[in-house]
Amino acid sequence: MSDSPDERGAELRELFFETSQELLQALNEESLKLEKNPGDEEIVRSIRRTVHTLKGDSAACGLRELSELAHQFEDALSLETAAAHGALAEIAFAAADVFTAMLAAYHSGGPIPASDPLRNRIKELTSAPAAKKLRRKKKVAETIVEPGKHWTDSEKQAMAQAQAAGLALYEVVVKIDPHCAMPIAARQLIQNAISRVGQVLVVRPDANSPAATKQVEFVVGSSQSEEQIATKSRIPTIAGEASVILMAAAKPAKSSATLGDAAMPVAPALPASVSAPTNTVLAETVPADTTPANKAPLGQSTAATFEAKSSQLDAYSSTSEPATSATPENILRVDAGRIDNVLNLVGELIIGKSMLQQALNEFSKHYPKEALRGKFADAMAFQARVLNDLQRSVMKIRMVPVDQLFRRFPRIVRDVARQCEREVDLELSGQETDLDKGILDAIAEPLTHLVRNAVSHGIEPPEQRRSLGKPPHGKIRLHALHQGNQVVVEISDDGRGIDSQKIRAKGTELGLITPEEASRMSDAEALELIFRPGFSTAEVVTEVSGRGVGMDVVQSVLHRLKATIHIETHPGRGTTFRLKLPLTLAIIKALMFWVEQRLYAIPLNAVNQIARTTEAEVHQVDNYEVLQLRNQVLPLLRLGRRGAVEGDRKSNKLFVLVITVGEKKYGLIVDALEGEEELVIKALDDQTFSTDLVNGASILGDGKVVLILNLPAVVEHVSRSSPEKAGLSNSGLLLNHVDRARLTLSAAGGQA
């Protein structure tokens, strides 16, 4: 049973909303290049190709306003005088912003934003009388090139090389189905299919010409027969009639190696007017020999967005084709929700493995001499290995390069620098570092705040930088790298740095700290004030800064992700914000322990060591408990209540988990240890837990529920509290309201 037209249309729209983001990103990137290289005709052609694709795809989805606006911009870009227009880059930036707003309105169902200001700016490109003549002349030239005539020198050379390699030359003309909703995508699908049986040497007409929606013509070098090529060219619902004419018979190859290579499908050598799909996660790939000039943004050819069509191509593929040929048809676009479902099932399997392991342990206790114990153990070990491989494979699917996020920032830095009258260069590195898609999406907003602050607060004005002996252009660097089972993202600048004394004064002025607290604060503690809600050092409120909103959002998001942020600053030389992010939020290695007869867990990578001590070795400093461990004073966080009376302090032993949060070490006092376990994290809603000290839960094999602590929140809770009595502020963090009330009453009775 086929889907209804409405369902297919809705699916096509959703697909377009996804791929259009890459188109808009490409438009921003090309506009940035044009701003640095004004008048570059190749960049202008690339912008036009992107706008052309956006126009065609939006028209196929019935988004009339967007399609008409893109069509108007494309017409203006087609003029030979457009590249010389001084404001073209600004117009392209404005077009990208308006297109983005229109797509957001279409997606949310809101009102379409006004486009008149952009239309008026586009008219600036077409106002010259000479431009209109060139436009008419160009339209006349956009006709279908007659097959077999007017080859360019590069095309003749490509055909000669194919003949020298022992390939026959064929002229292939394929009619595009007039009912095909996206003919540009159909054109690429046809080309992909033909490239399986030979080397595509020439493609006509130009992809940007109106004739490209009706038919496509190829010159193909192939060792296959005319019938095989014709069969490959016919794709139901995409390609109609196909004709194959032998232009030149194969010549003897110069060597056997050449013949062997010629028998394999060769990646097409595309002329500059033909685009190839770009590389996106689970979508399309770029052929290895594609040059940057030939590379077009996602959606220029949305071939891989037609999963159904791709499967039809596979069905029509010859069984004699090499299995190793990597083509866009072998790559699927999968919704992230489906991957999450698979990941959840893997998590359930891990819980099942824990249940089996526990059952095997009990079996071994009851039947220590049973011969089946060894077979069960071997089967469990094999299952564990396979399950670990499955888990890693699924997690790898969710991993995407941070370049998907980093690509946004050149435009952001450019806009903020203009608003703040700064001159800033952005340097990106480590873009190939992989990170979980969910985490990457979550850190987009915090990273944007940090980059904007680096431009507005960190980088000095050009005149001030010159007076300090610095180059007028400031530098901001975004860097990502793997560090163990974490990903580190650094945002650094060579600006003025952060003055900790000014931070203290501002914190006192805003009432966030008292003068006494400010005097006792270390520089590192003073820097933490910038994450307080409402804190800002800006003297004037602007569109960019001064509202005191932003850095507190950064820290709250990072806490939710179980991530940390560290500030390293040198006054006069610059500041570095270092984010340490987990690779994934789904499954973690954890250390489990008991507090007040409840089971808790923390990430194993946060634990430095486990120490044993006694109550007598725990001391009070400023009403906080500390422990001297290996010649270092370790602040202690007591999660439960104080368990020993004064007489038993020397005999009562404690477990202390030495943890690292940010760049500092703390000691967690716990009642008992349970062991290590691989836990599948289950999210908790606000109605289940009203505290931020716990940010997840998991189920063990025996059915026990273990709560996963949010270590940054635990540390923050202690650091922000103001103790008045010894032992009360950092004791009993995990007690419930009833136990906490009893602890307070008993302490009051002791004081009396």
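Which hand does the crossing have where α4 passes α15? It is left-handed: α4 passes α15 in a left-handed crossing, and the second view below gives the rest of that contact.

This is a predicted model, in which local features need pLDDT of at least 70, side-chain atom pairs count only at pLDDT 80 or more, and totals for chains, interfaces and linings use all residues. Residues are numbered from 1 along each chain as its sequence is written, and side-chain values use heavy atoms, with hydrogens and water left out.

**View 1. The whole protein, with its 24 helices and 22 strands.** Helices (H or I, at least four residues) and strands (E, at least two) are DSSP runs, numbered from the N terminus. Of the 752 residues in the protein, 47% are buried; buried means under 20% relative accessible area, exposed over 50%, and partly exposed in between, with a 1.4 Å probe and protein chains only. Take the contacts with a separation of 6 or more, and 70% of them are between residues 24 or more positions apart. A contact here means heavy atoms within 4.5 Å.

**View 2. Helix α4 against helix α15.** Here α4 (residues 88-108) and α15 (residues 409-420) pack at an angle of about 115 degrees, with their axes 13 Å apart. That makes α4 roughly perpendicular to α15. Axes are lines fitted to C-alpha atoms, for helices over the stretch in contact, and angles run from 0 to 180 degrees between N-to-C directions. Angles under 35 degrees count as roughly parallel, over 145 as roughly antiparallel, 65 to 115 as roughly perpendicular and the rest as oblique. As for the hand, a crossing is left-handed if the near helix is turned anticlockwise from the far one by less than a right angle, and right-handed if clockwise. On the α4 side look for E90, F93, A96 and D97, and on the α15 side for R411, R414 and R418. Sorted by class, these contact residues are two nonpolar, no polar and five charged. Nonpolar covers Ala, Val, Leu, Ile, Met, Phe, Trp, Tyr, Cys and Pro, charged covers Asp, Glu, Lys and Arg, and the others, Gly among them, are polar.

**View 3. Helix α4 again, now with helix α3.** The axes of α3 (residues 64-77) and α4 come within 10 Å and cross at roughly 165 degrees, and the two helices are therefore roughly antiparallel to each other. This crossing, too, is left-handed. From α3 come R64, E65, L66, L69, A70, F73 and L77, and they meet L88, I91, A92, A95, V98, F99, M102, L103 and Y106 of α4. The class count for this contact is 14 nonpolar, no polar and two charged residues.

**View 4. Phenylalanine rings at two sites, from a structure with four aromatic pairs.** A pair of aromatic rings is described by the distance of the centres and the angle of the planes. Rings of Phe, Tyr and Trp (its six-membered ring) pair if their centres lie within 6.5 Å; planes under 30 degrees apart count as stacked, over 60 as edge-to-face and the rest as tilted. F16 and F17 make a tilted pair, 6.2 Å centre to centre with 45 degrees between the planes. F16 is buried at a relative accessible area of 4%, and F17 is buried at 10%. At the other site, the ring centres of F363 and F376 are 5.6 Å apart and the planes are at 75 degrees, so this pair is edge-to-face. F363 lies in helix α12 (residues 336-366) and F376 in helix α13 (residues 372-398), so the pair ties together parts that are 13 residues apart in sequence. F363 counts as partly exposed at 22% relative accessibility, and F376 is partly exposed at 38%. Y367 joins F363 and F376 in one aromatic cluster.

**View 5. L654 in strand β18 (residues 653-661).** L654 counts as buried, at 7% relative accessibility. Leaving out residues up to four places away in sequence, L654 touches A611, R612, T613, T614, E615, V618 and I669. D671 sits 17 residues from L654 along the chain, with 6.9 Å between their C-alpha atoms.

**View 6. S698 in strand β21 (residues 694-699).** S698 is buried, with a relative accessible area of 1%. Not counting neighbours within four places in sequence, S698 is in contact with L679, V680, K704, V705 and V706.
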